[in-house]
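Work through these exercises with the sequence and the 3D view side by side. Try each task before you read its solution.

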Amino acid sequence: MFKLLLHVDTADDRLAVAARNAANALKALAGAPASIVLVANGPAVQLLGKANPDHAATLSNLLAQGVSVRACANSLNDFSLFPDFLVPGCEVVPAAIVELVRLQGEGYAYVKP
């Protein structure tokens, strides 16, 4: 199985690049078994909001295609954000660093756009 871990930790265009990476991987795999996880922490969690016109539709589309989008609870707390801020379907993980290491241990290829 193809396992891809995308990591975004800045509030700039890297979330859009990571989303394109995920979409391009899905297209290239043409339905082959895959697990794609996008983990956001630090300032990047601010871009995962359902009211964010630049990213909400893209994230919703990726979620509908089976991409897992995970936000760091510590980072949400740092920016005074709550889980209901997130695009529906996004998951909250206790600590992004633990999630990143765990997924790499499970064989996910780490990519940081």
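**Exercise 1. Locate Ala30 and describe its backbone and its exposure.**

Step 1. Ala30 sits in the loop between α1 and β2. Helices (H or I, at least four residues) and strands (E, at least two) are DSSP runs, numbered from the N terminus.

Step 2. The phi of Ala30 is near 45°, a positive value in a residue other than glycine. Most residues other than glycine have a negative phi.

Step 3. Ala30 counts as exposed because its relative accessibility is 68%. Buried means under 20% relative accessible area, exposed over 50%, and partly exposed in between (1.4 Å probe, protein chains only).

A note on the source: this is a predicted model, in which local features need pLDDT of at least 70, side-chain atom pairs count only at pLDDT 80 or more, and totals for chains, interfaces and linings use all residues. Residues are numbered from 1 along each chain as its sequence is written, and side-chain values use heavy atoms, with hydrogens and water left out.

**Exercise 2. Do the same for Ser80.**

Step 1. Find Ser80 in the loop between α3 (73–78) and β4 (91–93).

Step 2. Ser80 is not a glycine, yet its phi is positive, about 55°.

Step 3. Ser80 has 58% relative accessibility, so it counts as exposed.

**Exercise 3. Lay out the elements of the protein and judge its overall form.**

Step 1. Count four helices and five strands. From the N terminus on, they run β-α-β-α-β-α-β-α-β.

Step 2. The radius of gyration is 13 Å, close to the 13 Å that the globule rule gives for 113 residues, so the protein is as compact as a globular protein of that length. This radius is taken over C-alpha atoms, and the rule is 2.2 Å times the number of residues to the power 0.38.

Step 3. Buried residues make up 42% of the 113 residues.

**Exercise 4. Find which face of α1 is buried, and what covers it.**

Step 1. Leu15, Ala18, Ala19, Ala22 and Ala25 are buried in α1.

Step 2. Seen down the axis of α1, its buried residues fall within an arc of 125°, so they line one face of the helix. The arc is that of the directions from the helix axis to the C-beta atoms.

Step 3. On the other side of α1, Lys27 and Ala28 are exposed.

Step 4. The buried residues of α1 pack against β1, β2 and α2. Contact means heavy atoms within 4.5 Å.

**Exercise 5. Repeat the analysis for α2.**

Step 1. The buried residues in α2 are Ala56, Leu59, Leu62 and Leu63. They cover an arc of only 130° around the axis, which puts them on the same side of α2.

Step 2. The face turned away from that buried side carries the exposed residues Ala57 and Ala64.

Step 3. The cover over the buried residues of α2 includes α1 and β3.

Step 4. Just after α2, Gly66 takes a positive phi of about 100°.

**Exercise 6. Trace the largest nonpolar core.**

Step 1. A nonpolar core is a set of buried Ala, Val, Leu, Ile, Met, Phe, Trp, Tyr and Cys residues joined through side-chain atoms within 4.5 Å.

Step 2. The largest one has 27 residues, and Leu6, Leu15, Ile36, Leu38, Leu48 and Val69 touch the most other members.

Step 3. β1 (2–8), α1 (14–29), β2 (34–40), α2 (56–64) and β3 (68–72) each supply at least two residues. α1 gives the most, with five.

Step 4. Apart from this core lies another, of eight residues, including Leu5, Val37, Leu100 and Leu103.
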